[in-house]
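Let's take a walk through this model together, starting with its pockets and ending with its rings. Have the structure open as you read.

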Amino acid sequence: MADSSGLRAELPKPIVNPALQVSGLGKHVPLPTGELTILEEVGFQIAHGDTVAIVGASGSGKSTLLSLLAGLDTPSNGQVMLDGEALSSLDEDGRARVRGEKVGFVFQSFQLLPSLTALENVMLPLELRGDADAETPARQILEKVGLAQRLGHYPRQLSGGEQQRVALARAFVTRPSLLFADEPTGNLDTHTGQAIIELLFALNTEAGTTLVLVTHDEHLAVRCGRILRLDSGRLVSTSDSPGAQL
């Protein structure tokens, strides 16, 4: 495989029991004028505990790839193995079960439910999976992200940074083995975004979660251990990051 400089990259060594294994992944959408290729022949592995950034220009397929990795969308061809399970072999209920058991999400637009308080938003995934006590761990992680005084506030009563802190707490409260983050600072100013990134990596290090992060921000990408670069729907390079966790 050639990298962006045109040189042939050394093939990575196979990972035993990877957290994610992607092979021949493609996504095509039919249009009146013909077929639109969003992703084509994407393949890679991610080890448990890795932090990986997926980078590329707008329209390169980053968010589509993340949706396929998390089982939120189905590929046109190829396969995603999430913690040993082939997502394409599962129906929507099966994919939802895998997400509920193993996956956390952080989105650019926060995705908080406006009718629920901060505490209730964080309790929700625990309640959905049937935990007997959802309130105690939800309170604990909200305190950890600095929102002990905002438990009863609704999203409209919180700043953007506070809403993203709630979203981080909700993502980590289930102790997922994989966390997917899609442009987590995209709606935040630079100062607030930096604080959220510091919190994201601190929580991730403490939990030992496998982190897959989509971003257009190269400064954020180098915080991860590996960088996967997309261009026009193809994976053009995969490399270790020189500035991981700095």
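Start at the largest pocket, which in this predicted model is lined by 16 residues. Look for R99, V103, F105, P125 and L128, since those are the lining residues that lie nearest its centre. The elements that put two or more residues into this lining are helix 2 (92–102), strand 6 (103–107), helix 3 (118–128) and helix 5 (160–173). Strand 6 is the top contributor here, giving 4 residues. As for space, the pocket's volume comes to about 510 Å³. Sort its lining by class and you get 9 nonpolar, 4 polar and 3 charged residues.

Now stay with helix 3 for a moment. Its buried residues are A118, L119, N121, V122, M123 and L126. Why might a helix bury residues at spacings like these? An α-helix has 3.6 residues a turn, so residues three or four places apart point the same way. In this model, the buried residues of helix 3 pack against helix 4 and helix 5. Follow the chain just past the end of helix 3 and you'll meet G130, which takes a positive phi of about 90°.

Helix 4 leads us on to the second largest pocket, where helix 4 gives the most to the lining, with 4 residues. This pocket has a volume of about 280 Å³. Its lining is made up of P137, Q140, I141, K144, F172, V173, R175, L203, E206 and A207. Helix 4 (135–144), helix 5 and helix 6 (190–207) are the elements that each supply two or more of these residues. By class, that's 6 nonpolar, 1 polar and 3 charged.

Last stop: the aromatic rings. A search of the whole structure turns up 2 aromatic pairs. One of them is F105 with F107, a stacked pair with 5.7 Å centre to centre and 10° between the planes. Is each partner buried or partly exposed? F105 is buried because its relative accessible area is 19%, under the 20% cut-off. F107 counts as partly exposed because its relative accessibility is 27%. You've already met F105, one of the residues nearest the centre of the largest pocket. Add F180 and you have one aromatic cluster of F105, F107 and F180.

Before you close the viewer, find F201 as well. The charged end of R223 sits over the ring of F201, 4.7 Å from the ring's centre.

Notes:
Residues numbered from 1 in each chain as written. Predicted model: local features only at pLDDT ≥ 70, side-chain atom pairs only at ≥ 80, totals over all residues. Heavy atoms only, no water. 1 Å grid on protein atoms, 1.4 Å probe; cavity = no way out; pocket = protein on both sides within 12 Å on 5 of 7 lines; lining within 4 Å. Points joined across faces, edges and corners; volume = space filled by probe spheres on them. Nonpolar A, V, L, I, M, F, W, Y, C, P; charged D, E, K, R; others polar. Buried < 20%, exposed > 50% of the residue type's maximum accessible area, 1.4 Å probe, protein only. Contact = heavy atoms within 4.5 Å. Phe/Tyr/Trp six-rings, centres within 6.5 Å; stacked < 30°, edge-to-face > 60°. Lys NZ or Arg CZ within 6 Å of the ring centre and 35° of its normal.
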